[in-house]
Amino acid sequence: MTAVDTNVVVRLLTQDDSRQAAAAKSLFSAGPIWIAKTVLLETGWVLRSVYGFDESAIRDAFTKLLGLKNVHTEDKASMADALALTADGIELADAIHLSSRPPGAAFVSFDRAFVRRANRAGISRVSIGSASRGT
């Protein structure tokens with residue numbers, strides 16, 4: 001199994017550098033690939049901020065990528081849940097935060113818009129932080 005860095009995944013998904021994209025494609029076709037959640041998180045950020053992908057395009061790209069039989073990721077179930085949450089308007093990073101919390105754990109944020117989006121998506125136990133709750 002080979003673990004890959006963000007730049008390898010970005011080259012595979014964007015094909016913006018033909019030499020590196022070919023090398024990434026060859027690597028992905030050579031055998032089992034491991035992608036850490038942190039690599040997916042960073043790749044999402046790069047795709048959004050550098051390449052202008054919207055959440056839908058990122059979700060589609062990651063769904064196809066993680067659907068490859070030889071591609072494995074850390075905590076596959078929570079990543080699938082996170083990708084599903086992006087369809088409800090929750091940014092990928094926030095979706096990963098939510099889906100990675102322990103079962104039954106509350107989630108507190110000072111980001112009111114994020115909490116509203118999570119509540120609209122039906123995510124339970126997500127609330128706005130207050131001084132009484134501490135940090």
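1. Contact range. In this predicted model, residues 24 or more positions apart account for 54% of the protein's contacts with a separation of 6 or more. Two pairs of residues illustrate how sequence separation and spatial distance relate here. Leucine 92 and leucine 40 are 52 residues apart along the chain, with their C-alpha atoms separated by 9.2 Å. Serine 78 and isoleucine 90, by contrast, are twelve residues apart in sequence, and their C-alpha atoms are 14 Å apart.

2. Overall architecture. The protein contains seven helices and five strands. Their order along the sequence is β-α-α-β-α-α-β-α-α-β-α-β. The C-alpha trace spans about 55 × 30 × 25 Å along its principal axes. Of the 135 residues, 38% are buried.

3. Surface and charge. The exposed area of the protein is about 7600 Å², and carbon and sulfur atoms supply 54% of that area. There are 16 positive and 14 negative charges, and the mean positions of the two sets lie 5 Å apart.

4. The sheet. Three strands, in the order E1-E2-E3, make up an open sheet with parallel pairing. Strand E1 (2-3) and strand E3 (71-73) each have a single partner strand and stand at the edges, so one side of each is left without a neighbour in the sheet. E1 runs parallel to strand E2 (residues 33-35) and is joined to it by two bridges. Within this pairing, alanine 3 has tryptophan 34 of E2 as its bridge partner.

5. The nonpolar core. The largest nonpolar core has 31 residues, and the members that touch the most others are Phe28, Ile35 and Leu98. Two or more residues of this core come from each of the following elements: helix H1 (6-14), helix H2 (18-30), E2, helix H3 (37-49), helix H4 (55-66), helix H5 (76-86), helix H6 (92-100) and helix H7 (112-120). Such a grouping may be read against a general tendency: in soluble globular proteins, nonpolar side chains tend to be buried together.

6. Phenylalanine 28. Which residues does phenylalanine 28 touch, when those up to four places away in sequence are not counted? The set consists of Val4, Val8, Val9, Leu12, Ile33, Ile35, Leu65, Asn70 and Val71. Ile35, one of these partners, is itself among the core members with the most contacts to other members.

7. Helix H6 and its cover. The buried residues of H6 are Leu92, Asp94, Ala95, Ile96, Leu98 and Ser99. This list includes the charged-type residue Asp94 as well as Leu98. The cover over the buried residues of H6 includes H3, H4, H5, H7, strand E4 (107-109) and strand E5 (126-128).

8. Leucine 92. This residue is located in helix H6. Is leucine 92 buried or exposed? Leucine 92 has a relative accessibility of 1% and therefore counts as buried, the cut-off being under 20%. With neighbours within four places in sequence left aside, leucine 92 contacts Leu40, Gly44, Arg48, Glu55, Ile58, Phe62, Leu83 and Thr86. Arg48 and Glu55 are thus included among the partners of this buried leucine.

9. Serine 78. Helix H5 holds serine 78. Its relative accessibility is 4%, so serine 78 also counts as buried. Beyond the neighbours within four places in sequence, serine 78 is in contact with Lys37, Ser99 and Ser100. Of these partners, Ser99 is listed among the buried residues of H6.

10. Backbone points to inspect. Two residues that are not glycine have a positive phi: glutamine 15, at about 55°, and arginine 125, at about 60°. Glutamine 15 is placed in the loop between H1 and H2. Its relative accessibility of 46% is why glutamine 15 counts as partly exposed. Arginine 125 is placed in the loop between H7 and E5.

How values were computed
Residues numbered from 1 in each chain as written. Predicted model: local features only at pLDDT ≥ 70, side-chain atom pairs only at ≥ 80, totals over all residues. Heavy atoms only, no water. Helix = DSSP H or I, 4+ residues; strand = E, 2+ residues; numbered from the N terminus. Buried < 20%, exposed > 50% of the residue type's maximum accessible area, 1.4 Å probe, protein only. Contact = heavy atoms within 4.5 Å. Areas by Shrake-Rupley, 256 points an atom, 1.4 Å probe, with all protein chains shown as cover. Lys, Arg positive; Asp, Glu negative; His and termini not counted. Charge placed at Lys NZ, Arg CZ, Asp CG, Glu CD. Pairing = 2+ DSSP bridges. Core = buried A, V, L, I, M, F, W, Y, C linked by side-chain atoms within 4.5 Å.
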